[in-house]
Amino acid sequence: MAEAVFDLVVRQARVATAADTFAADIGVRGGRIVAIGEGLAAGSREIDAAGRVVTPGGVDAHCHLDQPMEGPARMADDFLTGTRSAACGGTTTVIPFAAQAKGQSLVAAVQDYHARAEGKAAIDYAFHLIVSDPTPQVLQEELPALIAQGYTSFKVYMTYDDMKLDDGQMLDVLDVARRHGAMAMIHAENADCIEWLTKRLEAAGRTAPRFHAHARPMLVEREATHRAIALSQLVDVPILIVHVSGKEAIEQIRWARSHGLAVFAETCPQYLFLTAEDLGIDDSYHGAKCICSPPPRDKSNQQFIWDGLNDGLFTVFSSDHAPFNYDDPAGKKPGGEEAAFRHIPNGIPGLETRLPLLYSEGVLGGRITLQKFVELTATSPAKAYGLHPRKGTIAIGSDADLVVWDEHELTVRNAQLHHAVDYTPYEGMQLKAWPALTLSRGEVVWDGTYRGRAGRGRFLRCDAPSLLPKRS
Ligand code: URP
Ligand code: ZN
Ligand code: ZN
């Protein structure tokens, strides 16, 4: 038998990158891709991928795992269950959020978050920061130091009482992003409008889950998106608007681009596959399962998201996995009771279903190309957050994070998912593909059975985002 030259060879793959699809073998040594070619020499281990599409492992650049919450709510997924679930759905890198509580030091939030991840993560991970209290100490010392240490992106909120910044604070943090070369991610919804609408709905007794969508119409997202763009223009810094839900925010981003502004955008599966009706057509409480912010819009809006995925409006397709159990006093039923929508934790699970949904309905549904799929789910997120080319592509020197796809009919069932959440919003949906294999740094972590191991995931320091202009 020929002596093994590689630790692993993936044979006869239909390799898909953000640029091309081509037939090749992939040779892996020491967890990295060291050869791509025809008829590669033997590997100690061989995977026959004949006829199968092989994409880079997904980079989920927006997910929440074990994030400390205000009040009684607790996230259902920690780094163990969350990264397990990600791996089983083809994702090999996650970027959750080290969130600063008001009054807390940002450095302490990062230390705490490392403790939550260590020994648990089964795939590689980086951290975004959430800045909720931009004190002089944070702006002048902590944030610049953390950016230099490899935490090169941070999220700010224009809504949620425990997180939101006013416009002056937004300008302050955007200025830090500009001076220190970080990517500023913005949750754009107008907090005062939401509060005003919520109070009016409550006064009218309209507190069922479906009224969450009435309290957060497109207008409040559109206004905040426009304001965020104006603030970034004032500071002269690129921004990335996260979880864009539809037409009106998209129009603002198109306007910004047409004026030469560097405004990037992210969207998520819930805006393609759910509608406001999933929050309830009557006052039934089941709609709580689909409460997230911004909320899903109407059916006709979904086409605007598909168009934006196709034509470059969106740079990143993330899950915004924010895992709360439905039937749980720490989840969607605060204190064990059916609550008014104001008190229901925002967020839905989606780490494991993100790639199969987009591959099935986008690529196999003829709505996006395979190249666009790779770009949106792996390559561009890695570039946006300083992880490329180590992550997000299939190239010599990149980590051997790979997904071998199996195209077959299946039905999504929560019982078959690997998160710790007691539901999926996509229960019963018919899909056309699921990963047959997920490899993380050349190790099989999913082959129809979860093969990962708690603690094998490594923390990734992020470089300067390559989508940002180079600083001299
Ligand atoms: O409803 C959502 N999106 N929950 C997660 C937190 C956030 O704002 O991304
Ligand atoms: Zn958000
Ligand atoms: Zn989020």
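The paragraphs below lead through two zinc sites, the ligand beside them, a buried loop residue and one helix of a predicted model.

In this predicted model, local features need pLDDT of at least 70 and side-chain atom pairs count only at pLDDT 80 or more, whereas totals for chains, interfaces and linings use all residues. Residues are numbered from 1 along each chain as its sequence is written, chains are lettered from A and ligands numbered from 1 in the order in which they are written, and side-chain values use heavy atoms, with hydrogens and water left out.

The zinc ion (ligand 3) has as its protein donors His 62 (NE2), His 64 (NE2) and Asp 320 (OD), which lie 2.0 to 2.1 Å from the ion; donors here are N, O and S atoms within 2.8 Å of the metal (3.2 Å for Na, K and Ca), and because water is not among the atoms, sites may look incomplete. Four donor atoms surround the zinc ion (ligand 3) with angles of 90 to 122°, and the arrangement is therefore tetrahedral, a label given to four donors if all angles lie between 85 and 135 degrees. Along the chain, the donors of this zinc ion (ligand 3) follow the spacing H-x1-H-x255-D. His 64 lies in the loop between β6 (58–60) and α1 (79–88) and Asp 320 in the loop between β15 (316–317) and α11 (354–363), so the pair ties together parts that are 256 residues apart in sequence; helices (H or I, at least four residues) and strands (E, at least two) are DSSP runs, numbered from the N terminus. His 64 is buried, with a relative accessible area of 5%, and Asp 320 is buried with 8%, where buried means under 20% relative accessible area, exposed over 50% and partly exposed in between (1.4 Å probe, protein chains only).

The zinc ion (ligand 2) is 4.0 Å from the zinc ion (ligand 3). Lys 155 (NZ), His 187 (ND1) and His 243 (NE2) coordinate the zinc ion (ligand 2) at 2.1 Å, and these donors follow the spacing K-x31-H-x55-H. Lys 155 belongs to strand β11 (residues 153–157) and His 187 to strand β12 (residues 183–187), so the pair ties together parts that are 32 residues apart in sequence; both Lys 155 and His 187 are buried.

Several of these metal-binding residues recur around ligand 1, for of the 13 residues around it, His 64, Lys 155, His 187, Ser 293 and Asp 320 come nearest, a residue being near if one of its heavy atoms lies within 4 Å. A nitrogen atom of ligand 1 lies 2.7 Å from a side-chain N or O atom of Asp 320, while an oxygen atom of ligand 1 lies 2.7 Å from a backbone N or O atom of Ser 293. Taken alone, ligand 1 exposes 270 Å², of which the protein buries 94%.

Elsewhere, Thr 393 is found in the loop between α12 (370–384) and β16 (402–411) and counts as buried at 12% relative accessibility. Apart from neighbours within four places in sequence, Thr 393 is in contact (heavy atoms within 4.5 Å) with Pro 56, His 388 and Ser 398.

Helix α1 is mostly covered, with eight of its 10 residues buried, among them Phe 79, Thr 81 and Cys 88, and the cover includes α2 (106–117) and β17 (430–440). Asp 78 caps the N-terminal end of α1 through a side-chain oxygen 2.9 Å from the backbone nitrogen of Leu 80, and Gly 90, whose phi is positive, near 95°, follows the helix.

Notes
Tetrahedral: all angles 85-135°; square planar, octahedral: opposite > 155°, others 65-115°. Polar contact = N/O pair within 3.5 Å; in protein donor to acceptor, adjacent residues only side chain to side chain. Areas by Shrake-Rupley, 256 points an atom, 1.4 Å probe, with all protein chains shown as cover.
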